[in-house]
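The following exercises are meant to be worked through slowly, with the structure open beside the text. Try each task before reading its solution.

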Amino acid sequence: MRHFTSVRQLGELKEAFAKAKYAKENPFADQELGRNRTLLMLFFNSSLRTRLSTQKAAMNLGMNVIVLDVNQGAWKLETERGVVMDGDRPEHLLEAIPVMGCYCDVIGVRSFARFENREDDYTEKILEQFIRYSGKPVFSMEAATRHPLQTFADMITIEEYRKKERPKVVMTWAPHPKALPQAVPNSFAEGMNMMDCEFVITHPEGYELAPEFVGNAKVEYNQKKAFEGADFIYAKNWAAFAGDNYGKVLSMDRSWTVDSEKMALTDNAFFMHCLPVRRNMIVTDDVIESPQSIVIPEAANRVVSAQTVLKEILLSL
Ligand code: CP
């Protein structure tokens, strides 16, 4: 694996899960692999889990790590070609990327959807420029359309907690006061389409995701009906994708908040969320604090997913 931008690049899932299990049980077994190798982690957006778990994974592999927050201390970057740079952005991404490539062996990039132009977001304009101009392996730490390290951690968690051969996994939209990208739900849907499960997506009308991510999922507009018999509830907010509503908040309907009444419709389902989560908007206090909530082991698996992917990238150098 040279670049990692989608869980589709994990290859055969059984093998990927076996590699993840090995990383979890033997976190320091590959310290030599990363010796004298440098990871540059570049953030255009804020992060807690991705930042810490990816750095921890790199350190487990013996790597040196440089972290750069583009919006704090670096020159503001112009990203559009052809712009007369007479504004407040003194450096262009087209010089910055190859320069950064000179200082490291692997680059991780976090660059969210900007919601200015759907085509720019859905062609992954920023991430693709890193792949094209850095000369180094690049992996996504959440880009405009996908969050593959999160999804791989989610897949590992479901594999660890499932009690049935083919569990029912329900991804539910839930309300949020701000417009959030579709990267996590897109990516989760992509991952669930790869796993052997009954996958249902539930959301209010108008929140349909791009068909290429929905894949073979059943879309159910009645949230309570979707929850019936579920083994895993994966809650997430996202902004609208379709047409002129791209990037808009169409609803803050709190009847979509995940609460214990709805969880009672499931088959004692586990509750999952990628975090950070807005309590009593996305999920009630009692559900996230219940024994069925696995949000912390899910977050812990972020180290496992990052380490498994980073190891594959190091092996490709
Ligand atoms: N889930 C996740 O990616 O968390 P952060 O945004 O804190 O990195």
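A residue is called buried when its relative accessible area is under 20%, exposed when that area is over 50%, and partly exposed in between. The model used in these exercises is a predicted one.

**Exercise 1. A salt bridge between distant parts of the chain**

Task: Decide whether Lys19 is buried, partly exposed or exposed, and then find out which class its partner Glu312 belongs to.

Solution: Begin with the pair itself, since the side chains of Glu312 and Lys19 meet in a salt bridge with an N to O distance of 3.4 Å. This pair links distant parts of the chain, with Glu312 in helix 12 (residues 295-316) and Lys19 in helix 1 (residues 13-25), 293 residues apart. Next, apply the cut-offs: Lys19 has a relative accessible area of 33%, and is therefore partly exposed. Glu312 has a relative accessible area of 18%, so this residue counts as buried.

**Exercise 2. Two further salt bridges**

Task: The structure holds 23 salt bridges; describe the one between Arg110 and Glu142 and the one between Glu220 and Lys225.

Solution: For the first pair, the side chains of Arg110 and Glu142 meet at 3.6 Å, N to O. Arg110 lies in strand 5 (residues 106-110), whereas Glu142 lies in the loop between strand 6 (138-140) and helix 6, so the pair ties together parts that are 32 residues apart in sequence. Both Arg110 and Glu142 are buried.

For the second pair, the closest N and O atoms of Glu220 and Lys225 are 4.0 Å apart. Here the classes are mixed, because Glu220 has a relative accessible area of 12% and is buried, while Lys225, at 46%, is partly exposed. Beyond these pairs, Arg8, Arg146 and Glu190 are joined into one network by salt bridges that share partners.

**Exercise 3. The open sheet**

Task: In which order do the five strands of the open sheet lie, and which of them are its edge strands?

Solution: Reading across the sheet gives the order 9-8-7-10-11, with parallel pairing. The edges are strand 9 (218-220) and strand 11 (270-272), each of which pairs on one side only. From one strand to the next, the twist averages 25°. Looking at one edge in detail, strand 8 and strand 9 pair in the parallel sense over three bridges, and Thr202 stands opposite Glu220 in strand 9.

**Exercise 4. Val169 and helix 7**

Task: Establish whether Val169 is buried or exposed, and then work out how far helix 7 (residues 183-194) is expected to span.

Solution: Start by placing Val169, which is found in strand 7 (residues 168-173). Its relative accessible area is 0%, and so Val169 is buried. Leaving aside neighbours within four places in sequence, its contacts include Ile158, Phe188, Met192 and Phe232. Phe188 and Met192 are also among the buried residues of helix 7.

Now turn to the helix, whose 12 residues, at 1.5 Å a residue, should span 16 Å; the end C-alpha atoms are 17 Å apart, which agrees. Finally, consider how this helix is covered: 10 of the 12 residues of helix 7 are buried, and what covers them includes helix 4 (118-122), helix 6 (148-161), strand 7 and strand 8 (198-202).

Note on methods:
Residues numbered from 1 in each chain as written. Predicted model: local features only at pLDDT ≥ 70, side-chain atom pairs only at ≥ 80, totals over all residues. Heavy atoms only, no water. Helix = DSSP H or I, 4+ residues; strand = E, 2+ residues; numbered from the N terminus. Buried < 20%, exposed > 50% of the residue type's maximum accessible area, 1.4 Å probe, protein only. Contact = heavy atoms within 4.5 Å. Expected span 1.5 Å × (residues − 1). Pairing = 2+ DSSP bridges. Axes fitted to C-alpha atoms, helices over the stretch in contact; angles between N-to-C directions.
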